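Here is a brisk report on selected helix contacts, loop sites and buried positions. Keep the sequence and the coordinates open while you read.

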Amino acid sequence: MSLKIDPWSAPKTLDYERLLKVFGIRPFKELIPLFTEKGIPLSLHMRRGIIFGHRDLDRIINAYSRGEKVAVLTGFMPSGRFHFGHKMTADQLIYYQRLGFKVFVALADAEAFAVRRLPRSEIVRIGIEEYVANLIALGLDAEKTVFYFQTNRGTPYYRLIQLFSGKVTMSEMEAIYGDLTPGKVMAAFTQASDILHVELPEYGGYKHVVVPVGADQDPHLRLARDLADRMKGVVDLLPPASTYHTLIPGLDGAKMSSSRPDYTIFLTDPPELARRKLMAALTGGRPTAEEQRRLGGMPDKCVVFQLYRYHLVPDDETLRAIREECETGRILCGPCKRRAADMLVEFLRDHQEKLKSAVEVARRVVEPPSF
Ligand code: TRP
Ligand code: SF4
């Protein structure tokens, strides 16, 4: 049975178990021994099972430990404000950069124009001032990272897009994506070129590339892998590796998204506004304090706990202690939320301080498209 994923629709909750079964994504945890053997530290999101799946990451890790060139690439559609969902991808880029991977960041302005229909000037401003600036403020090294707008990337990148279009049929595309429009077909080939072009000598010849994404982006990875094979005889491309992460929920337990600002924490939210949003979040608490003391809370159903787990508490032992306090009913949701809110406010104050100079740097390191 087929299970189509539309990467452009408001993502529904994906069934991660089925993804592993139906699409041949491998469980991430089977790679832990390889990381240990090679002496490579796991990232926070890898240790906590947030990164739950991969394709071919073992090939990249082996190449890395042989001292070969390796790269990580991802893209952001500059169509809204940068929030904690985006931060998770940022953290992964920073993790790979510190290991020594070359980092590429695509600003998907072609995609935002085609599928979100935003004005060009707005897309460009958001790309630089929201996405690139926040990435830099979070710790991505601006001088070592290649940030580019899709519509600016140059001839060999566009040559791939043209040649890809001769390598698949419309029914194959529909089997991957479901209903398509010309804009979506273009966006799909453009994203395939984002993923594959860094293998070309013109862009550094990085043959071992990993793409960290949310599971809703897997159709693009499947397309890029097929295209890499089918380009044999034209240009030599290896299929990209990828990792898949679960998405942090919004404050009401549904999706975190720029289009749902009350349930989404943006990295530029005034800290006191972010505190108020968090204090109203859905928890895994019980209906009465008495019940919670007796039965304990349910951290796995709690959005506040997910914020601790994805972002606020880097230390594993501290996170374990918070889980235990919750599950044994030693803490109630009120004080637990206030602690999370204090951590959040402190993080935002510090981040927003760094953001001031990061915006200047972002303007300097990214070339805006001329129209
Ligand atoms: N389509 C992605 C999104 O909706 C953005 C994107 C563009 C991307 N190019 C990419 C993601 C390459 C990963 C790799 O956010
Ligand atoms: Fe969530 Fe904290 Fe309440 Fe536990 S005590 S359910 S972690 S808010």
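## Cysteines and burial

C336 has a relative accessibility of 13%, so this residue counts as buried. The cut-off for buried is under 20%. The model is predicted. C302 is also buried, with a relative accessible area of 10%. The number of disulfides in the structure is 0.

## Helix α12 against helix α16

Two packed helices are described by the angle between their axes and the distance between the axes. Take the pair α12 (residues 271-279) and α16 (residues 333-365). Their axes come within 9 Å. The crossing angle is roughly 155 degrees. α12 is therefore roughly antiparallel to α16, since angles over 145 degrees count that way. The crossing of α12 past α16 is right-handed.

Which residues make the contact between α12 and α16? On the α12 side they are P271, E272, A274, R275, L278 and M279. On the α16 side they are G334, K337, R338, A340, A341, D342, L344, V345, L348, R349 and Q352. By class, the residues of this contact split into 9 nonpolar, 2 polar and 6 charged.

A340 deserves its own entry. This residue lies in helix α16. A340 has a relative accessible area of 0%, so it is buried. Outside the four nearest places in sequence on either side, A340 contacts L278, V304, Y308 and L312. Of these, L278 belongs to the α12 side of the helix contact. What separates A340 from L312 in sequence and in space? They are 28 residues apart in sequence, and their C-alpha atoms are 7.6 Å apart.

## Helix α9 against helix α10

The next pair is α9 (residues 170-177) and α10. The axes come within 12 Å and cross at roughly 85 degrees. α9 and α10 are therefore roughly perpendicular to each other, as angles of 65 to 115 degrees count as such. M170, M173 and Y177 of α9 meet V185, A188 and F189 of α10. The class count for this contact is 6 nonpolar, no polar and no charged residues.

## Buried loop residues

Y206 sits in the loop between α10 (182-197) and β6 (209-214). Is Y206 buried or exposed? With 14% relative accessibility, Y206 counts as buried. Leaving out residues up to four places away in sequence, Y206 touches K69, V70, A71, K102, F104, V198 and E199. L237 is 31 residues from Y206 in sequence, with a C-alpha to C-alpha distance of 9.8 Å.

S43 is placed in the loop between α2 (32-38) and α3 (44-47). S43 has a relative accessible area of 8%, so this residue is buried too. Apart from neighbours within four places in sequence, S43 is in contact with I51 and Y95.

## An exposed lysine

K301 lies in the loop between α13 (289-295) and α14 (303-312). K301 is exposed, with a relative accessible area of 60%. The cut-off for exposed is over 50%. K301 contacts T283 and G284, with neighbours within four places in sequence set aside. G285 is 16 residues from K301 in sequence and 8.8 Å away, C-alpha to C-alpha.

## Positive phi outside glycine

Which backbone angle marks D56, although it is not a glycine? D56 has a positive phi of about 60 degrees. R117 is not a glycine either, and has a positive phi of about 55 degrees. The table sets out both sites.

| Residue | Phi | Loop | Relative accessibility |
|---|---|---|---|
| D56 | about 60 degrees | between β2 (51-55) and α4 (57-65) | 25%, partly exposed |
| R117 | about 55 degrees | between α6 (109-116) and α7 (120-138) | 70%, exposed |

D56 counts as partly exposed because its relative accessibility is 25%. R117 counts as exposed because its value is 70%.

How values were computed
Residues are numbered from 1 along each chain as its sequence is written. Chains are lettered from A and ligands numbered from 1 in the order in which they are written. This is a predicted model: local features need pLDDT of at least 70, side-chain atom pairs count only at pLDDT 80 or more; totals for chains, interfaces and linings use all residues. Side-chain values use heavy atoms; hydrogens and water are left out. Axes are lines fitted to C-alpha atoms, for helices over the stretch in contact, and angles run from 0 to 180 degrees between N-to-C directions. Helices (H or I, at least four residues) and strands (E, at least two) are DSSP runs, numbered from the N terminus. Angles under 35 degrees count as roughly parallel, over 145 as roughly antiparallel, 65 to 115 as roughly perpendicular and the rest as oblique. A crossing is left-handed if the near helix is turned anticlockwise from the far one by less than a right angle, and right-handed if clockwise. Contact means heavy atoms within 4.5 Å. Ala, Val, Leu, Ile, Met, Phe, Trp, Tyr, Cys and Pro count as nonpolar, Asp, Glu, Lys and Arg as charged, and the others, Gly among them, as polar. Buried means under 20% relative accessible area, exposed over 50%, partly exposed in between (1.4 Å probe, protein chains only). A disulfide is a pair of cysteine sulfur atoms within 2.5 Å.
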